[in-house]
Amino acid sequence: MLHCRKSLCLAIALLALLPAAPVAAQQQRRGFGETTTVVVVEVPVYVTKDGEPVRGLTADNFEITDGRKVQKITAFDVIDLAQPLTPQQAAQLPVAGRRHFLLLFDLAFADPEGIFRAREAAKKVVSEQLQPTDLAAVALYSSARGPNIVLGFTSDRRQIATAVDTLGVPQLVGRGADPLALMVNASPTTGAMQMTEVGGGGAGTEARVEAVTEFLKAVSSAETKTNAEALKNQVTAFSRSFADFGKLMGTVQGTKHVVYFSEGFDSSVLQGEGASEDTREAIAHGETWDVNSDEMFGSGRQQNDVSAMLEEFRRANCIIQAVDVSRLKSGHEERPRPSGQDSLLQMAKSTGGELYTNFTDLSQAMSKVFERTSVTYLLAFQPENLKQDGSFRKLKVRLKDAPGGAKLSYRPGYYTPKPVPQLTALERRFQTAAEILGGEPGGPLGASVLATPFRTGGPNSYVPVLVEVNGPALLAGQKEKALVTEIYAYAIDGEGSIQGYFTQNLGLDLTKVEAQLKQSGLKFYGDLELPPGEYSLRVLVRNAQTGAHSLQVVPVVVPAHDQAGPVVLPPMFPEAQGKWLLTRETQAAGAPQPEYPFIIGQEPFIPASKPVLAANQGVKVAVMAYNLGNGDVRAEAGVLRADGQPVQGGALEVTERQRGGGRAPDRLVGTFTPSGLPPGEYLLRVTVTDGASGAAQSSTIPFVVG
């Protein structure tokens, strides 16, 4: 055990809220936005010649016109997928410059068997052609529910494969667990994957296949339409809900390739079937009141609805890659609705995409799309005096001094930002997910994060995450007395997979806690369980009403439990009680309470995420480490500037070693004095050496000399 029962009670008391209970029940209200009026518009551009990408262009080769005004290009990036990137490098790229693929399965205009078999084609595209820079999402469409996002845009290939394999069947995915839909089938308490068997054989696979089959049959039965009027209504519902969905996609930065698996709808609704014998006879006798114009020329209402839908997709920079699934049925049956392919072709061509009808190898058929888009030129500009009212503004990009015959593909415009209260829940969700996956670290809230792995009795480590938020910054612009604060934390491994997460909405009653927030701020305690590996922990904190936020990206190394040599955790500076407004992550009902790991002797403490130290004044510090052995140990400190360069100054004196054993680490307790350091931000690096073996390891923590 890490501590006794008394220490556990004290630790819980440290994390308890004030008796006045300022944190209300968890709320779903969310927002997104910036407190600044500066807006940066990013425009991904593809340049091709004879179907091949054109390389070697610079910012001087492009001109952007916003409305009628030529804009100054303020930033320019080139993303060339011919130059392999690691997942870590890919995660540092702007989201707008990364390709987005939405795998959209149509349950209204397709036979269940075709959709079922389309999963394999989709998974092959994901496994063979997606690059580490690419993001993919999975969605279903049905007339009853409209477009339904099963998985949001993510780089996690395992999650994508699981979402495609299960097609959103409730009993096979953890629906509602992750509010950003970056994970499916995950435990809401730890965020750990609860993987169903994807591919292969066995009883688990058979049960999954049966569940998906029954789900598709049930939806297909509900979608069946038998007459022309019902089909018109179905097409109207489809086009209008897709128009709304297209507008939603406009909030997602980057070029979106909508890989649309469907059989299409009967295009005679739009084009008409020509004059029947009865209609021709009525015209010949002058009986025009008996002429069915919709039958002859198609329905004007449906034509307008479909045109409006396709315009929204074009505005959103969505390219529909239509995949005809009719030939995926067993025996390659002939199409029961020959004109359905015409509607698929119209959707694809109207948005710059292709129609795919041969599924011997879909990934091979789509290889030209991947090749044409393998080089992205990302242009950015800052429009002045922009009204943030959600209106659409047209863009035009022109090439200068480029190879003859080069063709441009770019977003035709952009929607201006909207005030936070006007954003829909889905808009907020997409924008939050994009910030988590590829946002630039920093922000006006000034948050800081400390994440430390501790051993458990199992293969994973317990990783408490302490998030500190500057109180005055959190309160800036706040008008209501109920302050809603959102906290999101996702641990992403070296392959781009999300290995754990937690999210929390806090409702703070400012009539009770405003004074304490102004004095210091909010300190939140969350936790993860992670297997051994190296992670990028991305933590987003946001004021839901004002939209002000902070994104922190913290590297976390979780060692293997059987690792030889010292394992040194980041140095920890205990803070005085009462400094922060403290709260912690809500635990799931029935979940075991994790043991509190921050102990010196028998006393719990709260460590600082980013300690602020007074010049030349010594402060208590604890260095926790595993595998130190029974011999003497040596601890040495060095100070680095924020850019990693060493500086002279600072001294560490270790006065006590408290031995641990088992899951408990040894604790080296002493004093650190930031002597000779001028005010500024630094890193403290502590190196612990096992005297018996000579093995050593270092760890760091940022600190400030105030």
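A charge is taken to sit over a ring if NZ of Lys or CZ of Arg is within 6 Å of the ring centre and within 35 degrees of the ring normal. In the predicted model described here, Arg-119 lies over the face of Phe-116, at 4.0 Å from the ring centre. A further case is provided by Arg-315, whose charged end sits over the ring of Phe-392 at 4.2 Å from its centre.

The chain as a whole comprises 706 residues, of which 53% are buried. Its secondary structure consists of 16 helices and 35 strands. When contacts between residues at least 6 apart in sequence are considered, 77% of them join residues at least 24 apart. The exposed area of the chain is about 30,100 Å², and 49% of this area is supplied by carbon and sulfur atoms.

One open sheet is built from 4 strands in the order E5-E4-E14-E16, and its pairing is antiparallel. The edges are occupied by strand E5 (69-71) and strand E16 (413-415); each has a single partner strand, so one side of each is left without a neighbour in the sheet. On average, neighbouring strands of this sheet are turned by 30° against each other, direction ignored. At the E16 edge, 3 bridges connect E16 in the antiparallel sense to strand E14, which spans residues 392-399. Within this pairing, Lys-394 is found opposite Gly-413 of E16. Phe-392, the residue whose ring lies under the charged end of Arg-315, falls within the residue range of E14.

Arg-55 is located in the loop between strand E3 (52-53) and E4. With a relative accessible area of 41%, Arg-55 is partly exposed, because this value falls between the 20% limit for buried and the 50% limit for exposed residues. Apart from neighbours within four places in sequence, the contacts of Arg-55 are with Asp-80, Ala-82, Ser-374, Val-375 and Tyr-377. The loop residue is thus placed beside a remote stretch of the chain: the C-alpha atoms of Arg-55 and Thr-376 are separated by 9.3 Å, although these residues are 321 apart along the chain.

A second open sheet contains 5 strands in the order E28-E35-E34-E30-E31, with mixed pairing. Strand E28 (612-613) and strand E31 (646-647) stand at its edges; each has a single partner strand, so one side of each is left without a neighbour in the sheet. E28 pairs in the parallel sense with strand E35 (residues 696-705) over 2 bridges, and Leu-613 has Val-705 in E35 as its bridge partner. At the other edge, strand E30 (residues 633-641) runs antiparallel to E31 and is joined to it by 2 bridges. Leu-640 stands opposite Pro-646 of E31.

Inside this sheet, E35 also pairs with strand E34 (residues 680-690); the two run antiparallel and are joined by 10 bridges. Tyr-682 stands opposite Phe-703 of E35. E34 and E35 form a hairpin with 5 residues between the strands, in which Gly-694 takes a positive phi near 80°.

Aromatic side chains form 28 pairs in the structure. One of these joins Phe-62 and Phe-76, with 6.1 Å between the ring centres and 40° between the planes, a tilted arrangement. The two residues are 14 apart in sequence, Phe-62 in strand E4 (residues 62-66) and Phe-76 in strand E6 (residues 75-80). Phe-62 is buried, with a relative accessible area of 3%, whereas Phe-76 counts as partly exposed at 25%. In another pair, the rings of Tyr-490 and Tyr-501 have centres 5.4 Å apart and planes at 15°, so this pair is stacked. Tyr-490 belongs to strand E19 (residues 482-493) and Tyr-501 to strand E20 (residues 498-509), so the pair ties together parts that are 11 residues apart in sequence. Both Tyr-490 and Tyr-501 are buried.

Aromatic residues are also gathered into a cluster formed by Phe-109, Tyr-141, Phe-238, Phe-242, Phe-245, Tyr-260, Phe-265 and Phe-313.

Notes. Residues are numbered from 1 along each chain as its sequence is written. This is a predicted model: local features need pLDDT of at least 70, side-chain atom pairs count only at pLDDT 80 or more; totals for chains, interfaces and linings use all residues. Side-chain values use heavy atoms; hydrogens and water are left out. Two strands pair if DSSP finds at least two bridges between them. Axes are lines fitted to C-alpha atoms, for helices over the stretch in contact, and angles run from 0 to 180 degrees between N-to-C directions. Rings of Phe, Tyr and Trp (its six-membered ring) pair if their centres lie within 6.5 Å; planes under 30 degrees apart count as stacked, over 60 as edge-to-face and the rest as tilted. Buried means under 20% relative accessible area, exposed over 50%, partly exposed in between (1.4 Å probe, protein chains only). Contact means heavy atoms within 4.5 Å. Accessible areas come from the Shrake-Rupley method with a 1.4 Å probe; for residues, only the protein chains shown count as cover.
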